[in-house]
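Here is a brief report on one protein model. Please look over the sequence and structure before reading on.

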Amino acid sequence: MSKPRSRSREFNRNSNVVDFDKARQQRREKRRRAAEKTVEIMEQAPERRYQKNRSRKRVIIALIILLVAGAIALSSVNIVRLEKQKHELVKQQEELKETLSSKQKELENVNDPEYIEKQVREKLNMVYPDEILYMSPDEEKRSDDN
């Protein structure tokens, strides 16, 4: 039902008598205005091109600056992280050196009779035949835990 209505509206709009000379004149006037506008645009074209090139250059320079700044930021973050890791590794190295030196001293004492005696008395709770060993309940718990 809507189609006949739209067709009738179109018919009413287009049912006017067309003056060919007038229509030709209107088309010519429209083309002339378009040509004038084109000439005006062409006259402004070098200036517009210059402005476009200038704005493109600015955008490209801004992007390059942003990329360089981003690269510098990432590098500095990476450097800080590596410095922190280096500091931690130096600490760990110092601790390992201390442990190594204490173990080397202990290794030197392994064949020493006094060191052996001390270790046997402390860890195994051994005594000489003429000695008496007294242990408190706290010491018994510690020896049981070991």
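## Surface and burial

About 14600 Å² of the protein is exposed, and carbon and sulfur atoms supply 56% of that area. The model is predicted. Of its 146 residues, 3% count as buried.

A nonpolar surface patch is formed by Ile60, Ile64, Val68 and Ile72. Together they have about 370 Å² of accessible area. Val68 belongs to helix H2 (residues 20-109). Its relative accessible area is 46%, so Val68 is partly exposed.

## Fold elements

The protein has four helices and zero strands. From the N terminus, the order is α-α-α-α.

Helix H3 covers residues 113-124. Its twelve residues, at 1.5 Å each, should span 16 Å, and the end C-alpha atoms are indeed 16 Å apart. Asn125 follows H3 and has a positive phi, near 55°.

## Salt bridges

The structure holds five salt bridges. In helix H2, Glu29, Arg32, Arg33 and Glu36 are linked in a salt-bridge network. Arg33 pairs with Glu29, with the closest N and O atoms 3.9 Å apart. The cut-off is 4 Å, so this pair counts. Arg32 pairs with Glu36 at 2.3 Å. Each of these two pairs is four residues apart, about one turn of the helix.

Relative accessibility is 48% for Arg33 and 29% for Glu29. Arg32 has 39%, and Glu36 has 42%.

Helix H3 carries a salt bridge between Arg121 and Glu117, at 3.3 Å from N to O. These two residues are four apart, so about one helical turn separates them. Both are partly exposed, Arg121 at 30% and Glu117 at 32%.

Notes. Residues numbered from 1 in each chain as written. Predicted model: local features only at pLDDT ≥ 70, side-chain atom pairs only at ≥ 80, totals over all residues. Heavy atoms only, no water. Buried < 20%, exposed > 50% of the residue type's maximum accessible area, 1.4 Å probe, protein only. Areas by Shrake-Rupley, 256 points an atom, 1.4 Å probe, with all protein chains shown as cover. Expected span 1.5 Å × (residues − 1). Patch = residues over 30% accessible without salt bridge, like charges linked within 9 Å, V, L, I, M, F, W, Y side chains within 5 Å. Salt bridge = Lys/Arg side-chain N within 4 Å of Asp/Glu carboxyl O.
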